[in-house]
Amino acid sequence: MVKIREIHKQLINREISAVELAKEYLARLEISSSKFGTYLSITGEKAIEDAQVIDEKIASGEEIGLLAGIPMGIKDNISTKGIVTTCGSKILENYKPVFNATVVDKLYNAGGIILGKCNMDEFAMGSSSENSAYKLVRNPWDLDRVPGGSSGGSAASVAAEEVVFSLGSDTGGSVRQPAGFCGVVGMKPTYGRVSRYGLIAYASSLDQIGPMAKNVEDCAIVHDVISGYDKMDSTSANMPSTKTLDIIGKDIKGLRIGVPKEYFGGDEKVLNTLKKALAKFEELGAIVEETTLPHTEYALPAYYIIASAEASSNLARFDGVRYGVRDWDQKDVTDMMSATRDKFFGKEVKKRIMIGTYALSAGYYDAYYLKALKVRTLLKRDFDEAFKRYDVLITPIAPTLPFKIGENIKDSITMYLGDICTVTINLVGIPGIAIPCGFVDGLPVGMQILGKPFSEELLFNVAHKFEQSNDFHLRKPEVK
Amino acid sequence: MNKYEVVIGLEVHVELKTATKIFCGCKTEFGGAPNTHVCPVCLGLPGVLPVVNEKVVEFGVRTGLAINAKVPNYSKFDRKNYYYPDLTKNFQTSQFDLPICEHGYLDIEVDGIVKRIGITRAHMEEDAGKLVHSGKTISSSDSSNVDYNRVGVPLLEIVSEPDIRSSEEAKEYVEVLKKILTYIDVSDCKMEEGSIRADANVSVRLVGAKEFGTRTETKNLNSLKALQKAIEYEVERQIEVIEDGGVIEQETRTWDDEKGITLSMRSKADAHDYRYFPEPDLPPIILTDEYIAGIKATLPELPESRKKRLMEVDDLSAYDANLVIAERFLADFYDEVRKNIDDPKLIVNYLMGDYYRELAAAGLDFKNSPVSTNAFIELLKLLQDKTISGKLAKDIIPVMIKEGKNPKVIVEEKGLVQISDTSAIEAIIIEVIEANPKAVEDYKSGKGNSIGFLVGQVMKASKGKANPGIVNELLKSKLDS
């Protein structure tokens, strides 16, 4: 059952009020989030106020949109006016934005009820949500395992049904990988499809905000609301928002699916689950063929160079001068700036700033940054070629099942290698949707469906067709 | 003969006079209470994104075309990374390898010799904020405040080739540049408000040497005088170091206007590595040939070409032509008047003579004068048809400036019309001859200059209104008869 439509019906039939709904969700979220570590702040008061407005509208007979009254969680790197936005970092512990991100304005206008700000890896740097400066996030399917990252709070919160949907951000897989690990649906839109205005940048040329929900249609409803041109974002594509609901449900007979072999190098159990899913697609009438993306092996280093280089510049503004916290024990401004950054940035953040600074330094630029840009061009060509033959590509999201908390955190290389299936998509800028495609040992396995730029509607439809052929999206973690 | 040759290259930062900042909608107005012309975007708050002000690009292209540069179809912004609290993002959005224009030049004239100075490039960038220290300098202050009003004001940095050979040439180069920039209306070029600032790269080498000497860069040159003095100081200092057997260090120096010296700021070893990389938040700037041609079509005639026209077509002297083209407003005024008055010399004489003098006396300049081109044309027409004399014009001009009145109206109101009626003048002459027998006698006895006295008396009796030419003629014939 599509949650958003179900609630919408209940609201307009006055079976439940928006305030009652918000209270019910808030009560559950308070308890649940303390177990999963999904929230950095809970905005109960605002939620009730906003819900009252929806109830007044319903009472006055005003028509309300699908998202009106729907409880949502927003990743803590997306600016919310007057609500502390930390990016999971100590350096922004007290930072309250004076403006809303464009996506937040769009969701507020649609009547979405914000319940809180979702926990995350500090500045979105991480694949396990263990890099949050405040607390770690646990996977609702197994409390000893990570939910993925960096949008781990957003994904786990949806999986645990603390909210109906959430927003994450995806720079190298940060929406798709946690969606996969938590068994929910997450869309990384085409670069430029969703405004980045108000998203606190990690790597500007890769970042995209994306929706997460328990099922494809809910995810699509949110995508339709948040997508579209924004004059405040010069990299936003001059295109209208998606109208997925017009397309969803269409037949996929004859759909050409390419399966790039370079992506099938992980855990056998994961790969077997994927193979079963591909067989299902054949049953549904699609044509499934193996294909190749020959430059895949260069993607991961190129990603870490480009992302770190941009991060080293994007994160330069956090210096204690204008906002955020400051080390007051320093006499000189330069010392203050260094001490503040040293004290309040976490280890992973400092590591990536150093990698990025190094990669952009005189004498190294050509060898690292410029070369990474060339790899990016080659990767784009790989995909252009593949999309001449296929409508979509399907790959695993991660080479492994959700790993244990603490398992990879001390070994960066293993952690980074976990991003091998997702980073390329950001370098190329195409859309990718993550959906559950099976379970192994009680843990969800996700797959990603990739398409040409601006093919989100098609991806939602393909994902929806697959989803309706199984019950993976209906399963719930046993929350003890 | 001088043993050393001076080599200078200038980097001129020009504040573009757009209404709003380069990447947001904040006003660019000079002054204002600290941190009042700011918004989340120019404050670089987390999550904001820049949007390029189209006007800045247009002004960049205008400038490029006016300095004879090539304007490429593709250019982009880059980030220049360094930490300083006057920046809100700890990087400056600027242009690195693909600027808005490249390969231009300007012709300057020093001591009658015309010389071409190459311009390497001009690039767009955002200005930084202003630190306000509690003490005199940053190091001697207990605290500093920062005013971000200026952050994001659009700048164009115009970089010359090392083609300049003296402080006079440097000054002339900046003056010619200023004149062009004000003509094409992209900047006020007010050095005192900092809307144009220069950094000077200076080196010396033995005359005839092929390689350049090591250069120093002197910053903080906020007037033409400072520019000249700093260059002269730097040249002397460098020659002295070399003569004493020393070596010039490549370094950045700052000009201390009070002491009249340059001081070392940082050596090459401390030079920043700006880690430039393409600004990922801004797409590249793609300009079509049509766009560039469209801007070219709107460029006004530039000062050099006007000067040439005034000398060749209007037959003005180089001196007069230079006076007229000194300001775009004045040159346009001249051209407008010239369409109606076919006597260039008369126009210049009045424009730069009585009119200019009276404006100055009233504390005004050409631009804020209440006298319209039409009023000025009318004044010259009244002179040309001898309705008024030059003497009367002198009385009329201050009234035109003071009361903003049309000269014809003034003439009528004050009854200032010149008397050219011979019978009326004759009557006055007869009176004057009768009243001054001594002078008449003197004239007749050969003292020719006494006629001047008699003319003066006639003019006086007519209250200055008699046409002096006619007075002279009639008086002479009367006395000689």
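The exercises below walk through a predicted model, each with a worked solution.

**Exercise 1. Overall form of chain B**

Task: Work out whether chain B is spread out or compact, using its radius of gyration and the globule rule.

Solution: Begin with the secondary structure, which in chain B comes to 15 helices and 15 strands. Next, take the radius of gyration, which is 30 Å, and set it beside the 23 Å that the globule rule gives for 481 residues; the value for chain B is well over the rule, so the chain is more spread out than a compact globule. Then look at the box around the C-alpha atoms: along the principal axes it comes to roughly 95 × 55 × 50 Å.

Now turn to the inside and the outside of the chain. Buried residues make up 49% of the 481 residues. Of the contacts with a separation of 6 or more, 68% are between residues 24 or more positions apart. Finally, the chain exposes about 23,200 Å², and carbon and sulfur atoms supply 51% of that area.

**Exercise 2. A covered helix**

Task: Find how many residues of helix 7 of chain A are buried, and describe what lies at the start of the helix and just after it.

Solution: Locate the helix first; helix 7 of chain A covers residues 216–226. Ten of its eleven residues are buried, so the helix is mostly covered, given that buried means under 20% relative accessible area. Charged side chains are on the buried list too: it includes A:Glu217, A:Asp218 and A:Asp224, along with A:Val216, A:Ile221 and A:Val222.

Next, check the two ends. At the start, a side-chain oxygen of A:Asn215 reaches to within 3.2 Å of the backbone nitrogen of A:Glu217. Just after the helix, A:Gly228 takes a positive phi of about 120°.

**Exercise 3. Two loop residues and their contacts**

Task: Say which residues A:Thr422 touches and which residues are in contact with B:Tyr276, leaving aside sequence neighbours.

Solution: Start with A:Thr422, which sits in the loop between helix 13 (412–417) and helix 14 (423–428) of chain A. A:Thr422 has a relative accessible area of 1%, so it is buried. Beyond four places in sequence, A:Thr422 touches A:Gly172, A:Gly173, A:Arg176, A:Ile397 and A:Gln448.

Move on to B:Tyr276, in the loop between strand 13 (261–267) and strand 14 (277–278) of chain B. Its contacts outside four places in sequence are A:Tyr365, B:Asp78, B:Arg79, B:Lys80 and B:Phe96. One of these, A:Tyr365, belongs to chain A. For a sense of the fold here, B:Tyr276 and B:Ser94 are 182 residues apart in sequence, yet their C-alpha atoms are 9.1 Å apart in space.

**Exercise 4. Salt bridges**

Task: Explain why the bridge between A:Glu161 and A:Lys476 ties together distant parts of the sequence, then examine two bridges in chain B.

Solution: Side chains of opposite charge can pair when their charged atoms come close. A search over all chains finds 60 salt bridges. In one of them, A:Glu161 pairs with A:Lys476, with the closest N and O atoms 3.5 Å apart. A:Glu161 lies in the loop between helix 5 (152–159) and strand 4 (165–170), and A:Lys476 in the segment after helix 15 (456–468), so the pair ties together parts of chain A that are 315 residues apart in sequence. As for cover, A:Glu161 counts as buried at 18% relative accessibility, while A:Lys476 counts as exposed at 54%.

In chain B, B:Arg165 bridges to B:Glu5, and the closest N and O atoms are 3.1 Å apart. This pair also links distant parts: B:Arg165 is in the loop between strand 9 (154–160) and helix 2 (167–183), B:Glu5 is in strand 1 (residues 4–15), and the two are 160 residues apart. B:Arg165 is partly exposed at 24%, and B:Glu5 is partly exposed at 24%.

The second bridge joins B:Lys219 and B:Glu217, at 3.4 Å from N to O. Here B:Lys219 counts as partly exposed at 24%, whereas B:Glu217 is buried at 15%. To finish, trace a network of salt bridges that share partners: B:Glu301, B:Arg306, B:Arg309, B:Arg328, B:Asp332 and B:Asp335.

Key:
Residues are numbered from 1 along each chain as its sequence is written. Chains are lettered from A and ligands numbered from 1 in the order in which they are written. This is a predicted model: local features need pLDDT of at least 70, side-chain atom pairs count only at pLDDT 80 or more; totals for chains, interfaces and linings use all residues. Side-chain values use heavy atoms; hydrogens and water are left out. Helices (H or I, at least four residues) and strands (E, at least two) are DSSP runs, numbered from the N terminus. The radius of gyration is taken over C-alpha atoms; the globule rule is 2.2 Å times the number of residues to the power 0.38. Buried means under 20% relative accessible area, exposed over 50%, partly exposed in between (1.4 Å probe, protein chains only). Contact means heavy atoms within 4.5 Å. Accessible areas come from the Shrake-Rupley method with a 1.4 Å probe; for residues, only the protein chains shown count as cover. A polar contact is a pair of N or O atoms within 3.5 Å; within protein, one must be able to donate a hydrogen and the other to accept it, and residues adjacent in sequence count only if both atoms are side-chain atoms. A salt bridge is a side-chain nitrogen of Lys or Arg within 4 Å of a carboxyl oxygen of Asp or Glu.
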